[in-house]
Amino acid sequence: MDIVFKQKKIIYQITVIFFLIYTSFSHAKSENFNKPNIVMIVADDLGYADVSFNGSLDIKTPNIDRIAQDGIIFTKGYVTHSICAPSRAAILTGKYHQRFGFERNPSPVPEISGGIPPSEFNLAEVLKFSGYKTAAIGKWHLGVGSNYSPNHRGFDYFFGMERGGSNYYPELLTLDSYSEVTERYGWYKLRVTENQKPIEIKSYLTDELSNAAVKFVNKHKNDPFFLYLAYNAPHVPMQADPDVYKSINNIKDPSRRTYAAMVKSLDNGVGKVLDTIEAHGIEKNTMVIFLSDNGGPERTNFSNNGILRGSKSSPYEGGIRVPIAIKWPSKYPSGIKFDKNISSLDFFATIIEAAKIDYSKKKELDGVDLTPCLTKSECSALNRFLYFRDYDKGWKVVLAPHSVKIVTYPNSNFIKMSSHIIETYNLEDDPSEKYPHHKNHKKHDKMTISYQKWEENFRGPDYPGLGSEGFKNLTVWFRIKRKLKYIFFNIDREIKFLLGIY
């Protein structure tokens, strides 16, 4: 009798265990089913006025416009820096990049490259831990080598370039590793890598990136996924697809026409991704975000920032204010313009709230969840100052929610006594920043004090910038110190993952 009872008890316990496993798995699947897919599309050096939804007349972007028409246009959308790498670091961490010493474009040399420190969790790491399939496709520019590469930073799949730039034509991609580079910008000849393995591509680079994105969506259409599609177009070198170039007949200037063709290829790629999402019937539960990493460098890639003053690398609106649109059909309204200041910092918080992730470090984020603003008109969180600075050039910016902006930069005129020039603008009345007030009025003292408090503990960049490609510029101790630091951070991060502290 005891044997029979024990057998029944064992069978019962096994049944309960299997039931708990099954229900837990089913609950996890149910939770994952309700999680939105996330697609973040980042253009590179795109002019503010070079998308149709911002009024472009000579360049048409019908596919990018689909995001705007089916969603929300941010007329005052800002990034945290007017150059590529720091801006992208803030997008993926939801934090001002100055907080972790990432303030310049890093060198492409693996041994001295800077990047997002392993102590900082990026969006892919948090989403992957919560059941998402993750992919980074395109330009990374957040550090090269094992400490920083996308495959070591939360991305299941990587197809693209770890460095900050690349040639677009397959026949110009001839090198497998940086050790083969013999000249400045020679890294533009490096082949595309797929999960850290150099591969040969057969088509125009922008098309290859778009095709890789489509394959990822096809593969994971039944999973919650995060696709970070970071194009390098229309960044230099100015190399257009010949067939697309020929199709553009309304632009006579060959330089502007080349730029337009590069934007057109990007727009075509966005269309392929959107079509694939719609073909699988998952568009309603897919959040799609589009933005540029900074303003267009009008003199080098022939972009157009419209009425905005300045361009890439400047403190003015043409450098830090960019085209931004978002859609999430099951949650957000469509066809509207949002006129309050928002920051690229806000997308991290918005995404983790949408994915229902209880992120323990949420209080450390500098961005806010935009959903209440977009669905309930509750925008008290946007009553804040936005801060900007370029450590190497010395300029600083603070922007108030009522669009008063203070710009400070070093005075190059040694005849004058002041070491800095301070300009104040009211962007509501003067969006082109034509009429600066060269005094810091007392009513703006609060802004200045707030900025000083924001930056008081920043240490500056802790790595050499672009142009420090030679090892001779670094001391042996500097290299050893950096290596020990990242070994420690990697161990610390892995322990946190194992303990579920992220």
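## Overall fold

The secondary structure of the protein consists of 13 helices and 16 strands. The model is a predicted one. Of the 502 residues in the protein, 57% are buried. Among contacts with a separation of 6 or more, 69% join residues that are 24 or more positions apart.

## Nonpolar cores

The largest nonpolar core has 54 residues, and Met40, Phe226 and Tyr228 have the most contacts inside it. Helix α10, residues 346-354, gives the most to this core, with six residues. Apart from this core lies another, of 51 residues, which includes Phe53, Ile201, Tyr259 and Ala261. As a general background, nonpolar side chains in soluble globular proteins tend to be buried together.

Tyr228 has a long list of partners once neighbours within four places in sequence are left aside. Met40 and Val42 are in contact with Tyr228, as are Arg88 and Leu92. The remaining partners of Tyr228 are Ala135, Ala136, Ile137, Lys139, Trp140 and Phe155.

## Helices α2 and α3

Helix α2 spans residues 62-69, and six of its eight residues are buried, so the helix is largely enclosed by the rest of the structure. The buried residues of α2 are Asn63, Ile64, Asp65, Arg66, Ile67 and Ala68. They pack against four strands and a helix: β1 (37-43), β2 (72-74), β9 (286-292) and β10 (324-327), together with α7 (254-279).

Helix α3, residues 84-93, is mostly covered, with 10 of its 10 residues buried. These buried residues are Cys84, Ala85, Pro86, Ser87, Arg88, Ala89, Ala90, Ile91, Leu92 and Thr93. The elements that cover them include the helices α4 (123-129) and α10, and the strands β1, β4 (133-139), β8 (225-230) and β9. Two residues of α3, Arg88 and Leu92, are among the contacts of Tyr228. Just after α3, Gly94 takes a positive phi of about 70°.

## Buried residues in helices α5, α7 and α12

Thr206 lies in helix α5, residues 205-219. Its relative accessibility is 0%, so Thr206 counts as buried. Not counting residues up to four places away in sequence, Thr206 touches Tyr168, Tyr231, Ala233, Ser265 and Leu266.

Arg256 is placed in helix α7. Although a charged residue by class, Arg256 is buried, with a relative accessible area of 10%. Beyond residues up to four places away in sequence, Arg256 touches Asp50, Asp58, Ile59, Ile251, Phe302, Ser303 and Asn304. Asn304 is 48 residues from Arg256 along the chain, and their C-alpha atoms are separated by 9.4 Å. Glu455, in helix α12 (residues 445-455), is also buried, at a relative accessible area of 15%. With neighbours within four places in sequence left aside, Glu455 is in contact with Arg389 and Lys396.

## The loop at Pro315

Pro315 is found in the loop between α8 (298-301) and α9 (317-320). At 7% relative accessibility, Pro315 is buried, because the cut-off for that class is under 20%. Leaving aside neighbours within four places in sequence, the contacts of Pro315 are Ile320, Trp395, Val397, Lys405 and Val407. The C-alpha atoms of Pro315 and Thr408 are separated by 8.8 Å, while the two residues are 93 residues apart along the chain.

## Cysteines

The count of disulfides is zero. For a pair to count, the two cysteine sulfur atoms must be within 2.5 Å. Cys373 is buried at 6% relative accessibility, and Cys379 is buried at 11%.

## Largest pocket

The largest pocket holds about 460 Å³ of space. It is lined by 28 residues, and those closest to its centre are Ile83, Asn105, His141, Lys312 and Leu466. By class, the lining has 10 nonpolar, 10 polar and eight charged residues.

Technical notes: Residues are numbered from 1 along each chain as its sequence is written. This is a predicted model: local features need pLDDT of at least 70, side-chain atom pairs count only at pLDDT 80 or more; totals for chains, interfaces and linings use all residues. Side-chain values use heavy atoms; hydrogens and water are left out. Buried means under 20% relative accessible area, exposed over 50%, partly exposed in between (1.4 Å probe, protein chains only). A nonpolar core is a set of buried Ala, Val, Leu, Ile, Met, Phe, Trp, Tyr and Cys residues joined through side-chain atoms within 4.5 Å. Helices (H or I, at least four residues) and strands (E, at least two) are DSSP runs, numbered from the N terminus. Contact means heavy atoms within 4.5 Å. On a 1 Å grid over the protein atoms alone, a cavity is a set of points where a 1.4 Å probe fits but cannot get out, and a pocket is an open set with protein on both sides within 12 Å along at least five of seven lines; lining residues have an atom within 4 Å of a point. Grid points are joined across faces, edges and corners, and a volume is the space filled by probe spheres set on the points.
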